Amino acid sequence: QVQLVESGGGLVQPGGSLRLSCAASGKIFSINDMGWYRQAPGKQRELVATITSGSNTNYAHSVKGRFTISRDNAKNTVYLQMASLKPEDTAVYYCNALVQTDLSTYRSYWGQGTQVTVSS
């Protein structure tokens, strides 16, 4: 089994910054793409940012220029640095990883989510 554990959420004022972390552990042969998604109340889960094993990145238009995704392959960890936060960034943030658990098995795993609230 593989577990993804997120940390770093909280309450921040508009214009502030937060850094989310997500560490993967368990039966891991390698990790391909990793990413962050978010879900606001009453809305569908949406992609925030993704990063490949080679560190190629992709961002939602709404966060481009404000959020930065990065990863530490040695630690099986992905980060999301969020700056210039807006009230509309308020959501539960989930990390996702496409994990290779043996030579022929790949599976997508999700973290439990961490709340980010942007409010004055």
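The following legends describe a set of close-up views of one predicted protein model.

In this predicted model, local features require a pLDDT of at least 70 and side-chain atom pairs count only at pLDDT 80 or more, while totals for chains, interfaces and linings use all residues. Residues are numbered from 1 along each chain as its sequence is written, and side-chain values use heavy atoms, with hydrogens and water left out.

**View 1. The whole protein, built from eleven strands and zero helices.**
Strands (E, at least two residues) and helices (H or I, at least four residues) are DSSP runs, numbered from the N terminus. Along the sequence the pattern reads β-β-β-β-β-β-β-β-β-β-β. The radius of gyration, taken over C-alpha atoms, is 14 Å, close to the 14 Å that the globule rule gives for 120 residues, so the protein is as compact as a globular protein of that length. The globule rule is 2.2 Å times the number of residues to the power 0.38. Along the principal axes, the C-alpha atoms fill a box of roughly 50 × 25 × 25 Å. Of the 120 residues, 42% count as buried; buried means under 20% relative accessible area, exposed means over 50%, and partly exposed lies in between (1.4 Å probe, protein chains only). Contact is defined as heavy atoms within 4.5 Å. Among contacts with a separation of 6 or more, 54% are between residues 24 or more positions apart.

**View 2. The open sheet of four strands, in the order β1-β3-β8-β7.**
Pairing in this sheet is antiparallel; two strands pair if DSSP finds at least two bridges between them. Strands β1 (2–7) and β7 stand at the edges with a single partner strand each, so one side of each is left without a neighbour in the sheet. Neighbouring strands are turned by 15° against each other on average, direction ignored; the axes behind this angle are lines fitted to C-alpha atoms, for helices over the stretch in contact, and angles run from 0 to 180 degrees between N-to-C directions. Six bridges join β1 to β3 (residues 18–26), and S7 stands opposite S21 in β3.

**View 3. Strand β4 (30–39) and its partners β9 and β5.**
The antiparallel pairing of β4 with β9 extends over eight bridges, and the bridge partner of Y37 in β9 is Y94. Five bridges join β4 to β5, again in the antiparallel sense, and M34 stands opposite I51 in β5. The hairpin of β4 and β5 has six residues between the strands, and G42 takes a positive phi near 75° there.

**View 4. The largest nonpolar core, with 31 residues.**
A nonpolar core is a set of buried Ala, Val, Leu, Ile, Met, Phe, Trp, Tyr and Cys residues joined through side-chain atoms within 4.5 Å. W36, L80, M82 and Y93 have the most contacts inside this core. Two or more residues each come from β1, β3, β4, β5 (46–51), β7, β8, β9 and β11 (114–118), and β9 gives the largest share, five residues. In soluble globular proteins, nonpolar side chains tend to be buried together. Not counting residues up to four places away in sequence, L80 touches L18, R19, L20, W36, V48, A49, F67, T68, I69 and Y93.

**View 5. The surroundings of L47 in strand β5.**
L47 is partly exposed, with a relative accessible area of 30%. Residues up to four places away in sequence aside, L47 touches W36, Y37, N58 and A60. L47 and Y59 are twelve residues apart in sequence, and their C-alpha atoms are 7.9 Å apart in space.

**View 6. S17 in the loop between β2 (10–12) and β3.**
With 43% relative accessibility, S17 counts as partly exposed. Its contacts, leaving aside neighbours within four places in sequence, are V12, Q81, M82, A83, S84 and L85. The C-alpha atoms of S17 and G42 are separated by 24 Å, and the two residues lie 25 residues apart along the chain.

**View 7. Two loop residues with positive phi, N76 and S84.**
N76 lies in the loop between β7 (67–72) and β8 (77–82). Although N76 is not a glycine, its phi is positive, at about 50°. N76 is partly exposed, with a relative accessible area of 25%. S84 is found in the loop between β8 and β9 (91–102). S84 likewise is not a glycine and has a positive phi of about 50°. The relative accessible area of S84 is 41%, and S84 is partly exposed.
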